[in-house]
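Let's take a walk through this fold together, starting from one residue and working outwards to the sheet, the cores and the disulfides. Keep the structure open beside you as you read.

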Amino acid sequence: HIVCMADDHRKNRHHFAMFIRNCKLVVLLRREYVEEERNVFKPAEWRWSLPQTCDNKWHHYSVSVSLTGVDLILDGEVWKPRQNNPEIIDDWPLHPASDLKTTLTAGACWQGSDMKMRHQFKGYLAGLSLLPNRQEYHEVMRCIVECGESLQLPATNLLDPGMEMITNTHGNQVTIDGKDPKNMEVLVGQIAYLNTREYPAPGSRKLEMTTAITCQEGTKIEVPVSVS
């Protein structure tokens, strides 16, 4: 589990949880017992099938919960629902248990009946924030992804005629295309990592370089991917 809120003792009911299972991002949100809705079936679990959950790369996930449902923001972009994705599971409200409180944990889930941690998260977390009883603007989520860390492009005056240089929307990928190998070398050497966060997230940053060579007669040469 990435984050989990469960009973503090005696029982193992999960009130709220976010976890990865079978390459799916799952959000569990169980309703507390209300007498008037004790027999009402409502959405309680959302399962997104996402290639990003198992691609061994860093991603930013944000889940916004409201009375109308649950929205997912993936890498700063609002994820648009597709047919049966997310898969939504309905459930009854939790049974009443006035003697129980809850325990909130990150990276595992507290097992109240055994009084120990279970369902440990196997992976890496660079940060975790919870905003109870409020929602953050989507623009803020986008800025968290796009505005903090990026690759800085070389100065345009270094670009020789016939060379092309583009970047993606998140600023974490640069593509250089052209026929001048010397200018290509200069441009690649001028690409810089930029971090404008006031409190940069700890940990190393993986740099991956993919090279494709096409000869004049159309033959393509494979070059091993370089990772540092």
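Setting aside neighbours within four places in sequence, Ile2 is in contact with Met18, Phe19, Ile20, Thr105, Ala106, Gly107, Phe121, Leu125 and Leu128. Please keep in mind that this is a predicted model.

Ile2 also belongs to the largest nonpolar core, which has 12 residues. Its companions there are Val3, Met18, Leu25, Val27, Trp46, Trp48, Leu50, Val70, Leu72, Leu74 and Trp79. Strand S3 (24-29), strand S4 (42-49) and strand S6 (69-74) are the elements that give two or more residues to this core. S6 supplies the largest share, with 3 residues. Apart from this core lies another one of 7 residues, including Cys4, Ala17, Phe19 and Val26. As general background, nonpolar side chains in soluble globular proteins tend to be buried together.

Now for the sheet. In what order do its 6 strands run? The sheet is open, and the order is S8-S4-S3-S2-S1-S9, with antiparallel pairing. Strand S8 (87-91) and strand S9 (102-106) stand at the edges and have a single partner strand each, so one side of each is left without a neighbour in the sheet. From one strand to the next, the twist averages 20°.

Several of the pairings can be followed residue by residue. Strand S1 (residues 3-7) pairs with strand S2 (residues 14-21) in the antiparallel sense over 4 bridges, and here Met5 stands opposite Phe16 in S2. S3 and S4 are joined in the antiparallel sense over 5 bridges, with Val26 opposite Arg47 in S4. S4 and S8 also pair in the antiparallel sense, over 5 bridges; Glu45 stands opposite Ile89 in S8. When you look along these strands, it may help to recall that in a regular strand the side chains alternate between the two faces of the sheet.

How many disulfides does a search of the whole structure find? There are 2 disulfides. Cys4 and Cys109 form one of them, with sulfur atoms 1.8 Å apart. This pair links distant parts of the chain, 105 residues apart: Cys4 sits in strand S1 and Cys109 in strand S10 (residues 109-111).

Cys23 and Cys54 form a disulfide too, with their sulfur atoms 2.0 Å apart. Because the torsion about the S-S bond of Cys23 and Cys54 is about -110°, this disulfide is left-handed. Here again distant parts of the chain are linked, 31 residues apart, with Cys23 in the loop between S2 and S3 and Cys54 in the loop between S4 and strand S5 (61-66). Counting bonded cysteines along the chain, the disulfides follow the pattern 1-4, 2-3.

Are these cysteines buried or partly exposed? The table sets out their accessibility, together with that of Cys215.

| Cysteine | Relative accessibility | Class |
|---|---|---|
| Cys4 | 0% | buried |
| Cys109 | 0% | buried |
| Cys23 | 36% | partly exposed |
| Cys54 | 44% | partly exposed |
| Cys215 | 25% | partly exposed |

Cys4 therefore counts as buried at 0% relative accessibility, and so does its partner Cys109 at 0%. In the other disulfide, Cys23 counts as partly exposed at 36%, as does Cys54 at 44%.

Key. Residues numbered from 1 in each chain as written. Predicted model: local features only at pLDDT ≥ 70, side-chain atom pairs only at ≥ 80, totals over all residues. Heavy atoms only, no water. Pairing = 2+ DSSP bridges. Axes fitted to C-alpha atoms, helices over the stretch in contact; angles between N-to-C directions. Core = buried A, V, L, I, M, F, W, Y, C linked by side-chain atoms within 4.5 Å. Buried < 20%, exposed > 50% of the residue type's maximum accessible area, 1.4 Å probe, protein only. Contact = heavy atoms within 4.5 Å. Disulfide = S-S within 2.5 Å.
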